[in-house]
Amino acid sequence: MVGGGGMGGGLLENANPLIYERSGERPVTAGEEDEQVPDSIDAREIFDIRQCRARAGTESLFLYFPHLIRSINDPEHPLTLEELNVVEQVRVQVSDPESTVAVAFTPTIPHCSMATLIGLSIKVKLLRSLPQRFKMDVHITPGTHASEHAVNKQLADKERVAAALENTHLLEVVNQCLSARS
C-alpha cells in the first residue's frame with residue numbers, strides 16, 4: 001500500500017512519476033525592467049514570469065508573479081507541474097495583440113483523476129495574474145488523457161469554473177497548489 005503524501009492524503013494514483021529537470025531561470029534584461037519600453041506578454045512570461053507589464057490606459061503597471069505556471073504544485077506529489085512535465089513552455093501559446101492565452105497540459109497518466117484540479121489550478125493562476133483583457137484556454141494536450149473531452153468541457157465552461165471556486169474545500173485545495181512550498 002502506498003501512503004499519500006499529496007494534498008488529498010489518500011492513495012497515490014501514480015506512485016512513481018517521472019521527474020524532469022527544471023528549466024533554467026530566465027535572465028531579466030534591462031529592457032524588461034525599463035518602464036518606458038513596451039513589453040508584450042509572451043509564452044515565456046506565462047511559463048516563467050518574473051514580471052508582467054500590464055497596460056492600464058497610458059500608464060504601465062508592473063505585476064510580479066514568480067514562475068507563473070511552472071511552479072504550480074501537483075496536488076498529489078510534493079513536486080511542481082514543471083518537474084512532472086505536466087506543463088512546458090512549448091505548450092503555451094500567447095497572442096498579446098489578440099489578448100489570448102492557451103495552455104495545454106499533460107497529466108502524468110492517462111486516467112489521472114487530478115486532471116480537472118490541475119487544469120483548474122492553472123486557470124485560476126492565469127485569472128489572478130493576467131490583465132482581465134485576456135481570454136484563457138486551458139486544456140489537456142490532445143490524446144494524453146482518457147477523459148480529455150469531458151475535462152476540457154468543464155475547464156472551458158465559465159459557470160462551472162465559477163461554481164467550483166465557490167466550493168470552499170475545492171478553493172482551499174487550489175490555493176494549496178498555487179502556494180509556494182517551503
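Buried means under 20% relative accessible area, exposed over 50%, and partly exposed in between, with a 1.4 Å probe and protein chains only. Helices (H or I, at least four residues) and strands (E, at least two) are DSSP runs, numbered from the N terminus. The model on screen is predicted: local features need pLDDT of at least 70, side-chain atom pairs count only at pLDDT 80 or more, and totals for chains, interfaces and linings use all residues. Residues are numbered from 1 along each chain as its sequence is written, and side-chain values use heavy atoms, with hydrogens and water left out.

**Stop 1: helix α3**

Select 115–129, which is α3. Of its 15 residues, 12 are buried, so the helix is largely enclosed by the rest of the structure. Colour the buried set: A115, L117, I118, G119, L120, S121, I122, K123, V124, K125, L126 and S129. Now check the length. The expected span of a helix is 1.5 Å times one less than its number of residues. For α3 that gives 21 Å, and the end C-alpha atoms are 21 Å apart, which agrees.

**Stop 2: strands β3, β4 and β5**

Select 92–95 for β3 and 100–105 for β4. Two strands pair if DSSP finds at least two bridges between them. β3 and β4 run antiparallel and are joined by 4 bridges. Pick V94; its bridge partner in β4 is V101. β4 is mostly covered, with 5 of its 6 residues buried.

Add 135–140, which is β5. β4 and β5 run parallel, with 6 bridges between them. V101 appears again here: its bridge partner in β5 is M136. In a regular strand the side chains alternate between the two faces of the sheet.

**Stop 3: the turn at S99**

β3 and β4 form a hairpin with 4 residues between them. Select S99, in the loop between these strands. Its phi is near 55 degrees, a positive value in a residue other than glycine. Most residues other than glycine have a negative phi, and most peptide bonds are trans. Is S99 buried or exposed? S99 counts as buried, at 12% relative accessibility.

Draw a distance from S99 to M136. The two are 37 residues apart in sequence and 8.7 Å apart in space, C-alpha to C-alpha. M136 sits in strand β5 and is buried, with a relative accessible area of 17%.

Then jump to N85, in the loop between β2 (59–63) and β3. N85 is not a glycine either, yet its phi is positive, at about 60 degrees.

**Stop 4: the largest pocket**

Rolling a probe the size of a water molecule over the atoms shows where empty space is left. The search uses a 1 Å grid over the protein atoms alone: a cavity is a set of points where a 1.4 Å probe fits but cannot get out, a pocket is an open set with protein on both sides within 12 Å along at least five of seven lines, and lining residues have an atom within 4 Å of a point. Grid points are joined across faces, edges and corners, and a volume is the space filled by probe spheres set on the points.

Select K123, L127, K135, M136 and K158. These lie nearest the centre of the largest pocket, which 13 residues line. Elements giving two or more residues to this lining are α3, β5, α4 (148–156) and α5 (158–166). Which element gives the most? β5 does, with 5 residues. The pocket holds about 270 Å³ of space.

For the lining classes, Ala, Val, Leu, Ile, Met, Phe, Trp, Tyr, Cys and Pro count as nonpolar, Asp, Glu, Lys and Arg as charged, and the others, Gly among them, as polar. Here the lining divides into 7 nonpolar, 2 polar and 4 charged residues.

**Stop 5: the second largest pocket**

Select S71, L178, S179, A180 and R181, which lie nearest the centre of this pocket. The full lining has 11 residues: 5 nonpolar, 4 polar and 2 charged. The space comes to about 150 Å³.

**Stop 6: the cavity**

The count is 1 cavity of 30 Å³ or more. Its volume is about 50 Å³. Show its lining: D74, P75, E76, V86, T108, C112, M114 and I118. By class, that is 5 nonpolar, 1 polar and 2 charged. I118 also belongs to the buried set of α3.

**Stop 7: cysteines**

Stay on C112, which counts as buried at 7% relative accessibility. Then select C177, also buried, at 1%. A disulfide is taken as a pair of cysteine sulfur atoms within 2.5 Å. By that rule the count is 0 disulfides.
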